[in-house]
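Reader: I am new to this structure. Please show me how to read its features.

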Amino acid sequence: MLPPDPWPGESEIGLAICQKRDWSSIKKLLSEKEVQDFFWLRHLRALGDTNTRKIARSCIISWCKDSKQDWDPVVVSNRLVNWLSLFDFFGASAEISFRKQFFKILSQHQRYLWKIYAKTPNSFARFCILKA
């Protein structure tokens, strides 16, 4: 049993994301940090329907194809935490092809963080890496 999420998301923002539907429009709706750390998945989860799950998966795949990914250790760590904590929402009902692709991306992120951990001078960033 998991405790309730202290940051459940806002359904109004989730609706706005669903109305945009495509990745480039969503990037215009949210700040760069919000886009890159995937906190916005919480807003979609606040709606919680099947279509919203599909939109979340589509956006994750589109993000992976986007050349403007942020690889700051804190952002990557937050992205991993959001992906892992929200996987039951967007990934549990996903097709196997999505899961394979997602877990490949997830492992690339984890390897990246472990590779840079020792070289990261900022203690907050190091804490975030350990959290992820």
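Author: What follows is a short walk through helix packing and a few loop residues. Keep in mind that this is a predicted model.

Reader: Let us begin with a helix pair. At what angle do helix α5 and helix α7 pack?

Author: Start with the two axes and the angle between them. Helix α5 spans residues 50-65, and helix α7 spans residues 96-117. They pack at an angle of about 50°, and their axes are 11 Å apart. Angles under 35 degrees count as roughly parallel, and 65 to 115 as roughly perpendicular. So α5 is oblique to α7. The crossing of this pair, α5 and α7, is left-handed.

Reader: Which residues make the contact of α5 and α7?

Author: Look at each side in turn. From α5 come Arg 57, Ile 60, Ile 61, Trp 63 and Cys 64. From α7 come Phe 98, Gln 101, Phe 102, Ile 105 and His 109. Then sort them by class: this contact of α5 with α7 has 7 nonpolar, 2 polar and 1 charged residues.

Reader: Now another pair. How far apart are the axes of α6 and α8?

Author: The axes of α6 and α8 are 8 Å apart. Helix α6 covers residues 73-90, and α8 covers 123-131. Their packing angle is about 25°. Angles under 35 degrees count as roughly parallel, so α6 is roughly parallel to α8. The crossing of α6 and α8 is left-handed.

Reader: What residues are in the contact of α6 and α8?

Author: On the α6 side, find Pro 73, Val 74, Ser 77, Asn 78 and Val 81. On the α8 side, find Phe 124, Ala 125, Cys 128, Ile 129 and Lys 131. The contact of α6 with α8 divides into 7 nonpolar, 2 polar and 1 charged.

Reader: And how do α7 and α8 cross?

Author: Their axes cross at roughly 145° and come within 10 Å. The crossing of α7 and α8 is left-handed. Leu 113, Trp 114, Ile 116 and Tyr 117 of α7 meet Arg 126, Ile 129 and Leu 130 of α8. By class, the contact of α7 with α8 has 6 nonpolar, no polar and 1 charged residues.

Reader: Turn to the loop between α7 and α8. Is Thr 120 buried or exposed?

Author: Use relative accessibility here. Buried means under 20%. Thr 120 has 8% relative accessibility, so Thr 120 counts as buried. A polar atom of the Thr 120 side chain lies 2.7 Å from the backbone oxygen of Ile 116. Leaving aside neighbours within four places in sequence, Thr 120 is in contact with Ala 125, Arg 126 and Ile 129.

Reader: What about Asn 122, in the loop between α7 and α8?

Author: Apply the accessibility test again. Asn 122 is at 42% relative accessibility, so Asn 122 counts as partly exposed. A polar atom of the Asn 122 side chain lies 2.7 Å from the backbone nitrogen of Phe 124. Also compare sequence and space: Asn 122 and Pro 73 are 49 residues apart in sequence and 9.8 Å apart in space, C-alpha to C-alpha.

Reader: One last loop. What is the phi of Phe 38?

Author: Check the sign as well as the value. Phi of Phe 38 is near 65°, a positive value in a residue other than glycine. Phe 38 sits in the loop between α3 (32-37) and α4 (41-47). With a relative accessible area of 0%, Phe 38 is buried.

Terms used
Residues numbered from 1 in each chain as written. Predicted model: local features only at pLDDT ≥ 70, side-chain atom pairs only at ≥ 80, totals over all residues. Heavy atoms only, no water. Axes fitted to C-alpha atoms, helices over the stretch in contact; angles between N-to-C directions. Helix = DSSP H or I, 4+ residues; strand = E, 2+ residues; numbered from the N terminus. Parallel < 35°, antiparallel > 145°, perpendicular 65-115°, else oblique. Left-handed = near helix turned anticlockwise from the far one by under 90°. Contact = heavy atoms within 4.5 Å. Nonpolar A, V, L, I, M, F, W, Y, C, P; charged D, E, K, R; others polar. Buried < 20%, exposed > 50% of the residue type's maximum accessible area, 1.4 Å probe, protein only. Polar contact = N/O pair within 3.5 Å; in protein donor to acceptor, adjacent residues only side chain to side chain.
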